[in-house]
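I opened my notebook today to look up a few things in one protein model. Come along and keep the picture open beside you as you read.

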Amino acid sequence: MKISVLMEKVYQILKLVYMANLPPKEVLMKIIGINGSPRLKGNTAQLLDEALQQAENNGAATTTYNLNRLNLKGCQGCYKCREIGREGTCVLKDDMNQILEEILSANAVVLASPVYMWQMTAQTKIFTDRLMPLLKPDYSSRLSGQKLLSIYTQGQPDLEKFKQYFDYVNAMFSFLGFRTQEPLVAGWLRDVNDIHEQPEAKENARKAAENLILADW
Ligand SMILES: Cc1cc2nc3c(=O)[nH]c(=O)nc-3n(C[C@H](O)[C@H](O)[C@H](O)COP(=O)(O)O)c2cc1C
């Protein structure tokens with residue numbers, strides 16, 4: 001073996017040993033990002049990323065789930081999750097039980113969806129229905145103060161157009177036990193990269209993320 005290759009190998013090993021011995025970075029918050037858009041690099045995903053990146057810059061650990069990529073069936077209405085002893089799990093053997101576990105152990109959720117026909121996307125609605133196991137049999141919540149920030153993107157330039165709907169959905173999330181933040185809305189978006197023309201929308205996403213993790217509310 002050439003001496004330079006050997007030196008490189010030794011360097012890599014020493015680096016690994018050094019990194020393994022570093023004290024763990026202090027994680028202030030665990031945040032779960034949920035992307036309800038089928039366009040995985042679209043405007044919604046980009047705003048969600050912007051928010052989560054800012055959260056990470058402030059010490060949070062984040063994980064993103066793309067609902068369109070997951071194996072998620074609609075709620076079957078069996079009410080088994082309401083039974084005593086099931087402890088917040090769903091009988092369906094798909095990806096939702098992992099997400100439920102993640103949410104229960106997280107500090108906050110950032111849920112992002114485009115507006116489709118004046119509402120959240122079908123993917124986001126399936127996810128929302130599947131949050132039923134967060135409720136105990138007496139309808140109290142299994143959550144422990146998790147915060148929730150919703151991000152909506154829309155074609156409509158009037159950001160107030162669907163406000164009533166967004167507030168209504170937020171009320172539902174409060175009922176589930178989340179501490180909800182004012183939804184973030186960005187409009188005038190159609191092509192995947194239209195958001196690039198709106199630095200203020202990205203700035204709003206960063207501010208909303210900071211408020212989510214730094215503000216005590
Ligand atoms: C099926 C469909 C329905 C839509 N319905 C609405 C709507 O009701 N109101 C609106 O403002 N925009 C509507 N839009 C536009 C999207 O909300 C908008 O383009 C969004 O930014 C797309 O997000 P994405 O880039 O993450 O895919 C719709 C788009 C599609 C594909």
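**Entry 1: the ligand.** I am working with a predicted model. I began at the ligand, which has 18 residues around it, and G42, T44, P114, G155 and Q156 come nearest. I then sorted the residues of this shell by type: eight are nonpolar, eight are polar and two are charged. Which element gives the most to the shell? I found that α2 does, with three residues.

**Entry 2: the whole protein.** Next I stepped back to see the overall plan. I counted six helices and six strands. Reading from the N terminus, I wrote down their order as α-β-α-β-α-β-α-β-α-β-β-α. The C-alpha trace spans about 65 × 50 × 35 Å along its principal axes. Of the 217 residues, 34% count as buried. I also looked at contacts with a separation of 6 or more, and 78% of them join residues 24 or more positions apart.

**Entry 3: helix α2.** I returned to α2, since the ligand had led me there. How many of its 15 residues are buried? Eleven are, so I noted α2 as mostly covered. Among the buried ones are N43, T44, A45, Q46 and L47. What covers them includes the strands β1, β2, β3, β4 and β6, and also the helix α6. I checked the length of α2 too: at 1.5 Å a residue it should span 21 Å, and its end C-alpha atoms are 21 Å apart, which agrees. Just after α2, I noticed that G59 takes a positive phi of about 95 degrees.

**Entry 4: the core.** I looked up the largest nonpolar core and found that it has 47 residues. L47, A51, V109, V110 and I151 touch the most other members. Several elements give two or more residues to this core, including α2 (43-57), β3 (108-114), β4 (147-153) and α6 (199-214). I picked L47 for a closer look. Leaving out residues up to four places away in sequence, L47 touches A112, I151, T153, A186, I195, A201, K202 and A205.

**Entry 5: helix α6.** Two of those partners, A201 and A205, are among the buried residues of α6, so I turned to that helix. It has 16 residues and reaches 22 Å from its first C-alpha to its last, close to the 22 Å expected at 1.5 Å a residue. Its buried residues are A201, A205, A208, A209, L212 and I213. Where do the buried residues of α6 fall when seen down its axis? They fall within an arc of 125 degrees, so they line one face of the helix. A helix rule helped me here: an α-helix has 3.6 residues a turn, so residues three or four places apart point the same way. The face of α6 turned away from the buried side carries the exposed residues P199, E200, E203 and L214. On the buried side, the helix packs against β1, α2, β2 (60-66), β3, β4 and β6.

**Entry 6: two loop residues with positive phi.** I reminded myself that most residues other than glycine have a negative phi. M117 is not a glycine, yet it has a positive phi of about 50 degrees. I found M117 in the loop between β3 and α4. Is M117 buried or exposed? It has 7 C-beta neighbours inside 10 Å, so it counts as exposed. W188 is not a glycine either, and its phi is positive at about 65 degrees. W188 lies in the loop between β6 and α6. With 17 other C-beta atoms within 10 Å, W188 is partly exposed.

**Entry 7: N107 and T128.** I ended with two single residues. N107 sits in the loop between α3 and β3. It counts as partly exposed because it has 18 C-beta neighbours inside 10 Å, and 20 or more would make a residue buried. Which residues does N107 touch, not counting those up to four places away in sequence? I listed M29, K30, I31, Q146 and K147. N107 and A60 are 47 residues apart along the chain, but their C-alpha atoms are separated by 9.6 Å. T128 belongs to helix α4 (residues 122-129). T128 is partly exposed too, with 19 other C-beta atoms within 10 Å. Its C-alpha atom is separated by 9.4 Å from that of C75, which is 53 residues away along the chain.

Conventions. Residues are numbered from 1 along each chain as its sequence is written. This is a predicted model: local features need pLDDT of at least 70, side-chain atom pairs count only at pLDDT 80 or more; totals for chains, interfaces and linings use all residues. A nonpolar core is a set of buried Ala, Val, Leu, Ile, Met, Phe, Trp, Tyr and Cys residues joined through C-beta atoms within 7 Å. A residue is buried if 20 or more other C-beta atoms lie within 10 Å of its own, exposed if 12 or fewer, and partly exposed in between; C-beta atoms are placed from the backbone. Helices (H or I, at least four residues) and strands (E, at least two) are DSSP runs, numbered from the N terminus. Two residues are in contact if their C-beta atoms, placed from the backbone, lie within 7 Å. The expected span of a helix is 1.5 Å times one less than its number of residues. The arc is that of the directions from the helix axis to the C-beta atoms. A residue is near a molecule or strand if its C-beta atom, placed from the backbone, lies within 6 Å of it. Ala, Val, Leu, Ile, Met, Phe, Trp, Tyr, Cys and Pro count as nonpolar, Asp, Glu, Lys and Arg as charged, and the others, Gly among them, as polar.
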